[in-house]
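Welcome! Take a moment to look over the protein below, and then let us walk through some of its features together.

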Amino acid sequence: MSLLRILLTGAALWPAFPAAAQGLGTIDRNGALVSVESYGPNIVHVTIALDPALVRAPAGFGINGKADASGWTHRADASGDIYASPRLTVTVASQPWPKPPSQMERYFAPSLPPVALTIAGADGHAITAMTGWEMAPQTVNGEKTFRVGATFSDSADTHYYGLGQNQEGILDLRGRTIDCRHYYDAPAGEQVCVPFLVTNKGYGIVWDNPSPTIVSPGLNNHTQFQSSVGERVSFFVITGATTDELYAGYRTLTGETPLPPKAAFGLIQSKARYESRKELMDVADGYRSRGLPLDVMVLDWFYWTRMGQLDIDRGQFPDPAGMNKELHDRGLHSIISVWPRFERESRYYSMLAAKGWLLHDKDGNVVDGLAVRSDRAGALLDVTVPEARLWFWDRIRDNIASQGFDWFWLDETEPDLVPDGYFYALGSGDRYHNLFPLLHTGGVAEGSARDRPDKRNLILARAAYLGAQRNGAIFWSSDVNATWEALKRQVPTGLDMTASGIAYWSSDTGGWQWPSGPKAQHPVLLDPAGATAMGADYTDYPELFARWFAYNSFTPTLRIHGNRPATAIWQYGAAAEPVLAKFLRLRYALIPYLYSLGHQTYRTGAPFMRGLFMDFPNDPKVAAMGDEYMLGAAFLVAPVTEQGATSREVYLPAGADWYDFWTNEKHIGGQTVTAAAPIDRIPLFVRAGSIVPIGAQIPNTGTRQPLKSIRVYPGRDTTLTLYDDDGVTNAYRKGGDGTLLRWDDALGRLSAAGKLPTGQDAAALVHVVKAGEAFDVP
């Protein structure tokens, strides 16, 4: 199927496509056709092709925004064609008529008519420029196509972030070469491609091509994108005075980030795997008997009789509906893993193969299993077929959701069966390498919205693409190792993923792989006596788990998971349990704050786990800092990722004063401090001029949570919108923005625009923090 046909029939294939392109103008530059299209005053879509139909075709998968040329003007002069809005100017440079080539140019002349364009602010200052493009003929997977790319300007002080998940442990992408493709077996940990590149210079680039793409940000004084399959160049530039304006633009292009169910902000307890109903319920009851909060129990893989049966083994899980009723009666929810793979012996395989709804080779033969990792069983559902997506959701609904399971874990969303060299119904797996997670999560999101309209959707997934956030998915970093090195890499990994517009990201607490690390180099901080979560030779694993749990307590979601004998928090030894319980209770005390941040992300598109570059753009020391971050406007988090460490250096960004959360000691920003970090403490600072609501302790988020206090850390005027709702329905979409809290620093007064969502009186809850005062940690 040709790219043109795919683009022009995209609405029938996938509802993410907008209507056909409505450009500001299409310009001929000596045979190179350039379309400039507006999606708002600060968002432009540029398409370059040789084929007039391709340059007029709509944007690709993941883009569901609508073109909007309001307020734009066009004029032409000697410099080129100029398109202007109140926010920016796009100039497509004029190109002289080609002259006969010189002798040298006969060998080295470009094969394409040159195209260059610049983007400037309303005041004329340069923002960025595209300096060249390419279409290099090649054959990929038997298809005659092109490698397509574009080159953008760079400056020595430009820093780059995003592009999805890369686990090499470096936040700033400058000077690196990123292989933007989904790749489970990447040496440092799974790669995920979300081709949204954000800079600290007031712009971001959305690259509109789902094939494997090499991106070289700031390398050799330019930034280059090269996609392995395509017939045109298509990209968006979003500009903004703040990074949040860039994320508002990304939201306009690709869709909102829904507010997850409130349970997603509590503890999600998982293991690979619970082998019986009794084992799962014993863990759930273990939290209750110990007075520890818990919200979700997860049933991972091999609960089925055979992969692809989409059933539940009644031998080990008799009466799953009854099991879920027991969980619901305790105020808990459930998530169950559903895979898109089908063994030959499973009941649906023959039907799916006959319909052509499985990944296949060039001869139409179904691809069964992997050639690596001894993973030889199962064919992949072809989610590029709309009917296959509908069928898959219907089976989930009838076979699994009907048993009372609340939400779904769509594992293998890369997909694990690599499509390169094979074919979807839509076309070559190479052409659509990165597309699977968008379509797969989208099919389940649409089905859930249709058949469970009053139930808020939640999907756990390990890969994303442009727009995947709108499907109600929360993402994690896949099956990482259970080592200190892996923990250290998680911090910058997560910050680049959230910088890509994917707000809900976390990691398997303690790592997924079997606990097997190098021998501890320092005295262990937690006695492993009594631990059943690992072998006796991994003496520092309880310490590692405690540090990982503390870190994940300050990420958007908190989930325990792993391929180990035991995972619940009392199974890491008697010394570790009170430490873990302390962080768990702190997490629940902060749910009013976290849930309000989630609602803010729904309204704005901006992530609330934030690299420091987002909030402190005038402090050059934080531009490449990947081991600290902000959680909302209030908290600076500095995880401990070194074995045996009891302190760490923390840089406090300039432009603010900071309170140590544990001691309330006040520090001036722009300096590095040594923060105490005993095993029951994570270095945590609160920005002066912050409002932090503290909730009462609850057993789960299904229990109404009154506020215990509203802490104000003085130092500047500030606001916080406190939001709450029923936590499970979609009523939040119908309005209700919460209660605006406003702190007047000069008057020392907190005011509330009406009653709090809890019905309490804000004035009676205010606690203004004094530097150095002692207080109880929640």
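A disulfide is counted here when a pair of cysteine sulfur atoms lies within 2.5 Å. This is a predicted model, in which local features need pLDDT of at least 70 and side-chain atom pairs count only at pLDDT 80 or more, while totals for chains, interfaces and linings use all residues. Residues are numbered from 1 along each chain as its sequence is written, and side-chain values use heavy atoms, with hydrogens and water left out.

**The disulfide**

How many disulfides does a search of the whole structure find? The search turns up 1 disulfide. In general, such a link is a covalent bond between the sulfur atoms of two cysteines. Here the partners are Cys180 and Cys193, with their sulfur atoms 2.1 Å apart. The link of Cys180 and Cys193 is right-handed, with 95° about the S-S bond. Cys180 sits in strand β11 (residues 178-180) and Cys193 in the loop between β11 and β12 (196-199), 13 residues apart. A word on those names: helices (H or I, at least four residues) and strands (E, at least two) are DSSP runs, numbered from the N terminus. Are Cys180 and Cys193 buried or exposed? Both Cys180 and Cys193 are buried, where buried means under 20% relative accessible area, exposed means over 50%, and partly exposed is in between (1.4 Å probe, protein chains only).

**Helices and their neighbours**

Two packed helices are described by the angle between their axes and the distance between the axes. Axes are lines fitted to C-alpha atoms, for helices over the stretch in contact, and angles run from 0 to 180 degrees between N-to-C directions. The axes of helix α5 (residues 243-254) and helix α14 (residues 591-604) come within 9 Å and cross at roughly 65°. Tyr247, Ala248 and Arg251 of α5 meet Tyr602, Arg603 and Thr604 of α14, with contact meaning heavy atoms within 4.5 Å. The residues of this contact divide into 3 nonpolar, 1 polar and 2 charged. For that count, Ala, Val, Leu, Ile, Met, Phe, Trp, Tyr, Cys and Pro are nonpolar, Asp, Glu, Lys and Arg are charged, and the others, Gly among them, are polar.

Now turn to helix α7 (residues 320-329), where Pro320, Gly322, Met323, Asn324 and Leu327 are buried. What do the buried residues of α7 pack against? Their partners are α6 (277-289), β18 (296-299) and β19 (333-338). Just after α7, Gly331 takes a positive phi of about 85°.

**Two open sheets**

Strands count as paired if DSSP finds at least two bridges between them. One open sheet has 6 strands in the order β27-β28-β29-β34-β31-β32, with antiparallel pairing. At its edges are β27 (609-611) and β32 (666-668), each pairing on one side only. From one strand to the next, the twist averages 35°. Strand β27 joins β28 (residues 629-631) over 3 bridges in the antiparallel sense, and Arg610 stands opposite Met630 in β28.

Another open sheet has 3 strands in the order β37-β38-β39, again with antiparallel pairing. Its edge strands β37 (718-722) and β39 (749-752) each have a single partner strand, so one side of each is left without a neighbour in the sheet. The twist here averages 20° from one strand to the next. Between β37 and β38 (residues 739-744), which run antiparallel, there are 5 bridges, and Thr719 stands opposite Arg742 in β38.

**Special spots in the backbone**

The table collects some backbone angles in loops.

| Place | Angle | Loop |
|---|---|---|
| Ala272 to Arg273, cis peptide bond | omega about 5° | Arg273: between β17 (267-269) and α6 |
| Glu414 to Pro415, cis peptide bond | omega near 10° | Pro415: between β22 (407-410) and α10 (436-451) |
| Leu163, positive phi | phi near 65° | between β10 (160-162) and β11 |
| Phe302, positive phi | phi near 60° | between β18 and α7 |

Leu163 counts as buried because its relative accessibility is 3%. Phe302, at 38% relative accessibility, counts as partly exposed.

**What the record adds**

UniProt, in an unreviewed entry, lists "domain: Glycosyl hydrolase family 31 C-terminal" at residues 605-692. UniProt positions are given in the numbering used here, feature names are shortened, and annotations may be inferred rather than shown by experiment. Over residues 605-692 the chain is 5% helix and 40% strand, with the end C-alpha atoms 21 Å apart. The unreviewed entry also places "domain: DUF5110" at residues 710-745. That stretch, residues 710-745, is 0% helix and 42% strand, and its end C-alpha atoms are 15 Å apart.
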